[in-house]
Amino acid sequence: MAKDFADIIEFIVRVDKSDLDTLAQIRHFENLKIAQNENDLWVKGFSMEQINGVAVKTLPKKNIFYVKDSRLFPKDSLLPIGKLPSSLLWTPIQMALLIEEPQLNHNFFGINEQIDIQLAPFHEEKKLFATLINLDNNTKSIIESSPNFRLEHLRYVLINTSKVLIIGSPTLGIKGQSFWLYNDFLLPNGFHFKFPILTKSIKNALNSTGENYVLWQKNNSYALIKKSDFKPLSISSFRRTLSLFNINA
């Protein structure tokens, strides 16, 4: 017997980000997946029985859609209201809505322990915010030969005696690791958290005051860098910093 058409419709529920806690009442549906964008949370995977059940019906301030050819149709309507965002990263709802926040192993570059939160490839292009650069003769030469107008929008901090982190744009074009900014996390270009829905929990655990940037590496280690430690980049300040730490790049 052919499968009922109603059972192959893909239903999507949208709620505001601020209403994340209300989704706890549908967390027991193991087939559901959740994603987020700027202001909204999206949940997919509902069966017809689930979408018409009490748990979904009693969700406050929700919108229910079905998807056809990537277009969103309000439930019981034949007129689309737009397209489903294409860059959503879907996470199983029971993994995203943890009963307790995950315990993180605090880590820094060079320490062998790895935290549980992982990065995953992300194909949406993001604006470059920071570059981690080797502190060598080439870097020193480019900075010391750059006109002031190329430096005045940039800030920097030494990570260690061999690395400098520069934030701001336009960049100096020095080869290095590039990062984009997300909720005070500096994430490697081309990567995002494997489970972005956990971002708030990660930030609360690592940087609840917002006084740091959290520099994340592809190997899932991270470093907390105080925003107040960044200095305006100029030839004179850069030279003073090298002199202070007795660095001969």
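**Exercise 1. The open sheet**

Task: Work out the strand order of the seven-stranded open sheet in this predicted model, and find which strands stand at the edges.

Solution:
- Begin with the order. The seven strands run 6-5-4-1-3-2-7, and the pairing is antiparallel.
- Go to the ends of that order. Strand 6 (82–83) and strand 7 (91–92) are the edge strands.
- Count partners. Each edge strand has a single partner strand, so one side of each lacks a neighbour in the sheet.
- Now take one pair inside the order. Strand 4 (residues 63–68) is joined to strand 5 (residues 71–74) by four bridges, in the antiparallel sense.
- Fix the register. Phe 65 faces Pro 74 of strand 5.

**Exercise 2. Strand 15 and its partners**

Task: Decide whether strand 15 is enclosed or open to its surroundings, then identify how strand 13 and strand 16 pair with it.

Solution:
- Check burial, taking under 20% relative accessible area as the cut-off. Five of the five residues of strand 15 (residues 212–216) pass, so the rest of the structure largely encloses this strand.
- Split the residues by face. In a regular strand, side chains alternate between the two faces of the sheet. Asn 212, Val 214 and Trp 216 lie on one side of strand 15, with Tyr 213 and Leu 215 on the other; all are buried, and both faces are covered.
- Take strand 13 (residues 185–188). It runs parallel to strand 15, and two bridges join them. Phe 185 has Val 214 as its bridge partner.
- Take strand 16 (residues 222–226). It pairs with strand 15 in the antiparallel sense over five bridges. Here Leu 215 is partnered by Ala 223.
- Look at the connection. Strands 15 and 16 make a hairpin with five residues between them. In the turn, Asn 220 has a positive phi of about 75°.

**Exercise 3. The setting of His 192**

Task: Locate His 192, state whether it is buried or exposed, and list its contacts beyond four places in sequence.

Solution:
- His 192 sits in strand 14 (residues 191–193).
- Its relative accessible area is 5%. The cut-off for buried is under 20%, so His 192 counts as buried.
- Set aside neighbours within four places in sequence. His 192 then contacts Leu 89, Gln 118, Leu 119, Ala 120, Phe 122, Trp 180, Tyr 182 and Leu 187.

**Exercise 4. The buried residues of helix 7**

Task: Name the buried residues of helix 7 and say which elements they pack against.

Solution:
- Helix 7 covers residues 235–244; Ile 235, Ser 237, Phe 238, Thr 241 and Leu 242 are its buried residues.
- Find the helices they meet. These residues pack against helix 4 (137–144) and helix 5 (148–151).
- Add the strands. The buried residues of helix 7 also pack against strand 10 (155–160) and strand 17 (231–232).

Methods: Residues are numbered from 1 along each chain as its sequence is written. This is a predicted model: local features need pLDDT of at least 70, side-chain atom pairs count only at pLDDT 80 or more; totals for chains, interfaces and linings use all residues. Side-chain values use heavy atoms; hydrogens and water are left out. Two strands pair if DSSP finds at least two bridges between them. Buried means under 20% relative accessible area, exposed over 50%, partly exposed in between (1.4 Å probe, protein chains only). Contact means heavy atoms within 4.5 Å.
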